[in-house]
Amino acid sequence: MEQVLLHAGWPAEQVRRALNSFSDVEFAIPVPRPVPSVSAREAFMYVVMFATLILSGYNLGDLLFELIDRALPDPGARAFSRSTLQAIRWSLSSLIVAFPVFLYVAWLVGRAIRREPTKRTSKVRRQLTYVTLFIASCVLIGDFISVVYNFLGGELTVRFVLKVLTVGLIAGTAFGYYLWDLRGDEKEPET
């Protein structure tokens, strides 16, 4: 069948995808593999999961930045102020609420996927994963740009390096995990 499709002008990638959409069972006619469908509830769960991940990552970074600023104050900046305490309180509050919600929803999504593995191929899940990868890659690129910029200006301080490492670790962890997860999803089924 593959050679017939290739001879008919199909690109090899489309031939492979088309043939992989059928189950490898003995039957007179080809039997298609199950196609996942996404309910509004599942889409809601994925949006909540990724939104709370981004919110948690941002507020973790903000909290660590505030702690770095307290530990290594900038001599040219104002002294420690009440707004620093408010920023720490806000970041902690956000993390206390958003991160457990992320963990719980991720656990629910994972449990649903373990019960019904075809849900791993959800288009909403895949699209939001790519959006998360895009955001994380933009943050990482911006992080590297700021390192080069400050290096060229001779302004690499311990404070700055700690902040760059904070951003790199948070964005890099999210990027690495979701890239690894996507690659696992995109492996072709065994035929």
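**Patch, buried residues and paired side chains**

Tutor: Helix H6 contributes four residues to the nonpolar patch, the largest share of it. The model we are reading is a predicted one.

Student: Which residues form the nonpolar patch on the surface, and how much accessible area do they have together?

Tutor: The patch is formed by Leu 72, Val 148, Phe 151, Leu 152, Leu 156, Val 158, Val 161, Leu 162 and Leu 165, which together have about 840 Å² of accessible area. At least two of its residues come from each of H5 and helix H6, the latter spanning 158–185.

Student: Why does Leu 72 count as partly exposed?

Tutor: Its relative accessibility is 31%, and because the partly exposed class lies between under 20% for buried and over 50% for exposed, Leu 72 belongs in that middle class. Leu 72 sits in the loop that runs between helix H3 (40–71) and helix H4 (82–115).

Student: Why is Thr 132 called buried?

Tutor: Buried requires a relative accessible area under 20%, and Thr 132 has 6%, so the residue is buried. Thr 132 is part of helix H5, residues 123–152, and, leaving aside residues up to four places away in sequence, it touches Phe 50, Leu 53 and Tyr 178.

Student: What makes Phe 50 and Tyr 178 an aromatic pair, and why is it called tilted?

Tutor: The structure has five aromatic pairs by this rule. For Phe 50 and Tyr 178 the rings are 5.3 Å centre to centre, with 50° between the planes; since ring centres need to lie within 6.5 Å, and planes under 30 degrees apart would be stacked while those over 60 would be edge-to-face, the two residues form a pair, and that pair is tilted. Distant parts of the chain are linked by this pair, as Phe 50 is in helix H3 and Tyr 178 in helix H6, 128 residues apart. Ring pairs also link Phe 50, Tyr 177, Tyr 178 and Trp 180 into a cluster.

Student: Is Phe 50 buried or exposed, and is Tyr 178 buried or exposed?

Tutor: Set against the cut-off of under 20%, the 3% relative accessibility of Phe 50 makes it buried, and the 6% of Tyr 178 makes that residue buried as well.

Student: How do you know that Asp 69 and Arg 159 meet in a salt bridge?

Tutor: The N to O distance between their side chains is 2.6 Å, and because a salt bridge needs a nitrogen and a carboxyl oxygen within 4 Å, the pair qualifies. This pair links distant parts of the chain, with Asp 69 in helix H3 and Arg 159 in helix H6, 90 residues apart. Lys 163 also forms a salt bridge with Asp 69, the closest N and O atoms being 2.7 Å apart.

Student: Why is Lys 163 called buried, and why does Asp 69 count as partly exposed?

Tutor: Lys 163 has a relative accessible area of 17%, so it falls under the 20% cut-off and is buried. Asp 69, at 23%, is past that cut-off but not over 50%, and therefore counts as partly exposed.

Student: What makes Asp 181 and Arg 120 a salt bridge?

Tutor: Their side chains meet at 2.8 Å, N to O, which satisfies the limit of within 4 Å. Asp 181 lies in helix H6 and Arg 120 in the loop between H4 and H5, 61 residues apart. Asp 181 is buried because its relative accessible area is 9%, whereas Arg 120, at 26%, counts as partly exposed.

Notes: Residues are numbered from 1 along each chain as its sequence is written. This is a predicted model: local features need pLDDT of at least 70, side-chain atom pairs count only at pLDDT 80 or more; totals for chains, interfaces and linings use all residues. Side-chain values use heavy atoms; hydrogens and water are left out. Buried means under 20% relative accessible area, exposed over 50%, partly exposed in between (1.4 Å probe, protein chains only). Contact means heavy atoms within 4.5 Å. Patches are made of residues with over 30% relative accessible area and no salt bridge: like charges are joined within 9 Å, nonpolar side chains (Val, Leu, Ile, Met, Phe, Trp, Tyr) within 5 Å. Accessible areas come from the Shrake-Rupley method with a 1.4 Å probe; for residues, only the protein chains shown count as cover. Rings of Phe, Tyr and Trp (its six-membered ring) pair if their centres lie within 6.5 Å; planes under 30 degrees apart count as stacked, over 60 as edge-to-face and the rest as tilted.
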